[in-house]
Amino acid sequence: MSEGLDAIERIHCRTPEGAFYLFPSCEGLIGRTTPQGRVLKSGVDVSQFFLEQAQVAVVPGSASGAEGSFRIPFATSDERLAQAFKRLRDTCDTLD
């Protein structure tokens with residue numbers, strides 16, 4: 001699963017050690033501009049952008065004390081995760 005997120009430009013994801021969620025870094029997206037002209041200033045902004053544009057819900061890393069990252073569970077089917085990763089990748093490709 002981490003490879004699916006790591007394949008998205010500007011997102012880095014380490015392999016989890018026994019968890020049922022991934023905790024990728026979105027620091028490469030911070031400072032980028034959305035098609036609507038909004039600058040992503042934090043992991044919260046990135047998480048909101050993913051929800052609004054990709055229709056993928058993630059939890060901002062700041063909720064766990066890790067600003068610049070987000071949490072996404074993988075306790076679902078591989079098909080649903082593949083669809084979510086594609087949506088995230090396509091959405092990230094729209095950023096300037």
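# Briefing: rings, core, helix 2 and a few loop residues

Phe 20 has a relative accessible area of 55%, so this residue counts as exposed. That value belongs to a predicted model, as does everything below. Phe 20 is part of an aromatic cluster with Tyr 21 and Phe 23. Elsewhere there is a nonpolar core of 22 residues, the largest one in the model, and helix 3 is its top contributor, with five residues. The notes below start with the rings, go on to the core and helix 2, and finish with some single residues.

**Aromatic rings**

- With ring centres required to lie within 6.5 Å of each other, the count comes to four aromatic pairs.
- Phe 20 and Tyr 21 make one of these pairs: their ring centres are 5.7 Å apart and their planes meet at 85°, so the geometry is edge-to-face.
- Tyr 21 also pairs with Phe 23, with 6.2 Å between the ring centres and 65° between the planes, so this one is edge-to-face too.
- The ring pairs tie Phe 20, Tyr 21 and Phe 23 together as a cluster.
- How buried or exposed are the other members of the cluster? Tyr 21 is partly exposed at 29% relative accessible area, and Phe 23 is partly exposed at 30%.
- Tyr 21 has a charged partner as well: Arg 71 sits over the face of its ring, 5.3 Å from the ring centre.

**The nonpolar core**

- Which residues have the most contacts inside the largest nonpolar core? They are Leu 5, Ile 11, Leu 29, Phe 50, Phe 70, Ile 72 and Leu 88.
- Helix 2, strand 3 (70–73) and helix 3 are the elements that each supply two or more residues to this core.
- Helix 3 gives the most, with five residues.
- Phe 70 is worth clicking on in the viewer; leaving out residues up to four places away in sequence, its contacts include Leu 5, Ile 11, Phe 50, Val 58 and Val 59.
- Phe 70 also touches Phe 23 from the aromatic cluster, and Ser 47 and Cys 26 are among its other contacts.

**Helix 2**

- Does the length of helix 2 come out as expected or not, and why? At 1.5 Å a residue, its twelve residues should span 16 Å, and the C-alpha atoms at its ends are 15 Å apart, so the two values agree.
- At the start of helix 2, a side-chain oxygen of Ser 42 comes within 3.3 Å of the backbone nitrogen of Val 44.
- The buried residues of this helix are Gly 43, Asp 45, Val 46, Ser 47, Phe 49, Phe 50 and Ala 54.
- What do those buried residues pack against? Their partners are strand 2, strand 3 and helix 3.
- On the helix 3 side, Thr 91 touches Phe 49, Gln 53 and Ala 54, with residues up to four places away in sequence not counted.
- Thr 91 is buried, because its relative accessibility is 7% and the cut-off is under 20%.

**Positive phi without glycine**

- Gln 55 follows helix 2 and has a positive phi, near 55°, although it is not a glycine.
- Gln 55 sits in the loop between helix 2 and strand 2 (59–60), and is exposed at 59% relative accessible area.
- Arg 10 is another non-glycine with a positive phi, about 75°.
- Arg 10 lies in the loop between helix 1 (2–6) and strand 1, where it is partly exposed at 42%.

**Two more loop residues**

- Is Ser 69 buried or exposed? Ser 69 is buried, with 7% relative accessibility, and it belongs to the loop between strand 2 and strand 3.
- A polar side-chain atom of Ser 69 is 2.6 Å from the backbone oxygen of Ala 66.
- Setting aside neighbours within four places in sequence, Ser 69 contacts Phe 23, Pro 24, Ser 25, Cys 26, Gly 43, Pro 60 and Gly 61.
- Gly 37, in the loop between strand 1 (21–22) and helix 2 (43–54), is exposed at 51%.
- Gly 37 and Asp 93 are 56 residues apart along the chain, with 14 Å between their C-alpha atoms.

Notes. Residues are numbered from 1 along each chain as its sequence is written. This is a predicted model: local features need pLDDT of at least 70, side-chain atom pairs count only at pLDDT 80 or more; totals for chains, interfaces and linings use all residues. Side-chain values use heavy atoms; hydrogens and water are left out. Rings of Phe, Tyr and Trp (its six-membered ring) pair if their centres lie within 6.5 Å; planes under 30 degrees apart count as stacked, over 60 as edge-to-face and the rest as tilted. Buried means under 20% relative accessible area, exposed over 50%, partly exposed in between (1.4 Å probe, protein chains only). A charge sits over a ring if NZ of Lys or CZ of Arg is within 6 Å of the ring centre and within 35 degrees of the ring normal. Helices (H or I, at least four residues) and strands (E, at least two) are DSSP runs, numbered from the N terminus. Contact means heavy atoms within 4.5 Å. A nonpolar core is a set of buried Ala, Val, Leu, Ile, Met, Phe, Trp, Tyr and Cys residues joined through side-chain atoms within 4.5 Å. The expected span of a helix is 1.5 Å times one less than its number of residues. A polar contact is a pair of N or O atoms within 3.5 Å; within protein, one must be able to donate a hydrogen and the other to accept it, and residues adjacent in sequence count only if both atoms are side-chain atoms.
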